[in-house]
Amino acid sequence: MPAISAEQVLALTPDTASAQAGRKLAAPRHWKSVGRDDAGLWGECLGSALYQVKIDLANLTVACSCPSRKFPCKHGIGLLLLAADDTVPTTQPPEWMSGWLTKRAAKAALKAAAPNTDTPVQPADATDDAPARAAADKVASRRIEKRQRLMAGGFDNLDLWLSDLMRNGIAGLEVKGASFWEAQAARMVDAQVPGAANRLRRMAGIPGSAADWPERLLAELGKLALLSQAWRCLDSLSPALRETVRQVAGWALSAEEVDARGELVSDGWLVLGQWVDDSERIHVQRTWLLGERSQRPAVIMQYSPSFGTFAEVYLPGSSLTADLRYWPGAYPLRAKIVTSGQADKSAATGPAAAKPAFANWDPASYTRVEGLLQAYAGGLACDPWLGRLGGVLRGVTPTLTPEGDWRLLDADGDALPLVAREHWRLLAVSGGQPVDVMVEWNGETLLPLGVIAVGTYTPLTEARA
């Protein structure tokens with residue numbers, strides 16, 4: 001099954017009531033005959049009647065035997081949320097599921113065979129005829145319009161909240177606690193603007209965290225206000241920036257939309273490293289890549305429930321030849337692998353296993369501190385909400401200041417701070433000498449992902465398979 005998070009599922013819901021009802025059904029006790037395979041997801045929901053729910057994973061089309069006029073219905077939402085928690089077993093589909101997929105495939109084949117004829121193609125499934133499709137398109141259009149109205153109202157509410165916050169001042173926010181931010185985040189979730197909600201929740205940790213917390217908080221509040229203003233003038237933005245604003249707001253793209261509008265880049269890709277963010281119920285793994293010829297960074301996002309697994313495994317320090325499809329946007333970074341051929345990738349573990357991946361890489365292609373900052377500044381000029389950027393710092397020495405702060409110092413004397421954690425392993429591998437370090441820069445601190453010392457790659461983070 002394609003990796004899909006609970007947030008992405010909820011973004012498909014027609015309204016808040018359907019989302020709430022779907023959450024209640026996302027428990028195994030409500031289901032029987034649940035299963036999935038590469039093509040579909042199915043189950044029977046125990047309600048006032050036994051409803052058959054069928055989902056085509058190629059495009060997340062949901063069909064349910066319930067009488068609901070909403071699309072997707074609460075039963076489809078509940079089954080998708082159940083699958084997002086990785087609690088649905090892989091098994092053989094029942095006849096009612098395989099038959100439905102067969103009819104859909106036959107209909108698609110007939111449509112492809114006669115795309116320009118004026119003669120109506122006899123549908124393979126009476127429930128999938130032209131009037132039903134037209135009705136479904138109309139429902140989908142209404143759903144999009146309704147969500148746009150909800151989001152516009154959510155941004156109106158956010159503007160009032162920001163104005164009140166600025167009028168009253170930010171002094172004293174360090175004692176208000178996370179509930180102050182969570183209340184507004186919940187309002188944005190109800191308005192189907194999950195991107196803004198996530199930013200508000202992250203802001204809860206800023207007040208009182210350091211001496212410069214007012215500056216950092218104002219910068220984040222400014223980005224939130226900028227997002228609100230950008231949403232209001234969405235139609236006047238360039239197509240690329242419009243894509244960015246929609247995604248920052250939390251409007252997820254379907255796989256078909258990414259394939260249709262995203263840029264395809266063929267290259268050899270170095271797997272710089274990985275990091276798993278497990279601060280939420282849904283774990284997120286970021287895998288950073290760097291193009292050998294294009295020198296373009298890319299990040300592959302994978303999602304998994306707590307204690308779950310990620311579908312694909314990428315070995316840090318290895319390389320692969322692949323076609324990457326970038327998500328459309330003003331400064332594309334997120335990508336997915338379309339086709340790939342593994343190169344210099346070993347099933348062995350340990351630092352030495354990835355050494356061949358660097359044999360043909362020119363160290364001069366890596367950058368110094370100034371180059372990383374220039375690249376990040378260029379990204380911000382395109383995408384003001386840019387969060388992280390992966391890269392390789394060449395010839396940097398890990399140092400520990402008398403104040404206990406870790407830094408990476410390059411040959412030009414420029415230094416950047418590392419995240420607040422212990423970095424003794426990095427120091428031990430370097431031996432106090434200049435090394436090449438794979439990093440993730442968030443505009444404030446560096447997260448070291450891996451290090452190349454004496455031609456050998458050593459991972460500095462523990463990724464989850």
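Start by selecting Leu 270 and Leu 290: in this predicted model, Leu 290 of strand 6 is the bridge partner of Leu 270. Zoom out a little and you'll see where that bridge belongs, since strand 5 (residues 264-277) and strand 6 pair in the antiparallel sense over eight bridges.

Keep Leu 290 selected and look to the other neighbour. In strand 7, its bridge partner is Pro 297. Strand 7 covers residues 297-305 and runs antiparallel to strand 6, with nine bridges joining the two. Now follow the chain round the hairpin of strands 6 and 7: there are five residues between the strands, and Gln 295 takes a positive phi near 60°.

Next, colour strand 6 itself, residues 282-291, by burial. Ten of its ten residues are buried. In a regular strand, side chains alternate between the two faces of the sheet. Show the side chains here and you'll find Ile 282, Val 284, Arg 286, Trp 288 and Leu 290 pointing one way, with His 283, Gln 285, Thr 287, Leu 289 and Gly 291 pointing the other. Is Arg 286 buried or exposed? Buried, like the others on both sides of strand 6.

Jump to helix 8 (residues 213-232) and pick Ser 228. Ser 228 counts as buried because its relative accessible area is 0%. Leaving aside residues up to four places away in sequence, Ser 228 touches Phe 155 and Asp 159.

Time for the rings. The structure holds six aromatic pairs. One of them is Trp 161 with Trp 181, edge-to-face at 5.8 Å centre to centre and 70° between the planes. This pair links distant parts of the chain, 20 residues apart: Trp 161 is in helix 5 (residues 130-168) and Trp 181 in helix 6 (residues 178-190). Both Trp 161 and Trp 181 are buried. Add Phe 180 to the selection, and you have one aromatic cluster of Trp 161, Phe 180 and Trp 181.

Now go to Trp 406 and Trp 424. Their ring centres are 5.0 Å apart and their planes sit at 90°, so this pair is edge-to-face. Trp 406 belongs to strand 11 (residues 406-409) and Trp 424 to helix 12 (residues 424-430), 18 residues apart. Check the surface here: Trp 406 is buried at 6% relative accessibility, whereas Trp 424 is partly exposed at 48%.

Two last stops put a charge over a ring. Select Arg 246 and Trp 251: the charged end of Arg 246 sits over the Trp 251 ring, 4.5 Å from its centre. Then try Arg 334, whose charged end sits over the ring of Trp 327, 4.0 Å from its centre.

Conventions:
Residues numbered from 1 in each chain as written. Predicted model: local features only at pLDDT ≥ 70, side-chain atom pairs only at ≥ 80, totals over all residues. Heavy atoms only, no water. Buried < 20%, exposed > 50% of the residue type's maximum accessible area, 1.4 Å probe, protein only. Helix = DSSP H or I, 4+ residues; strand = E, 2+ residues; numbered from the N terminus. Pairing = 2+ DSSP bridges. Contact = heavy atoms within 4.5 Å. Phe/Tyr/Trp six-rings, centres within 6.5 Å; stacked < 30°, edge-to-face > 60°. Lys NZ or Arg CZ within 6 Å of the ring centre and 35° of its normal.
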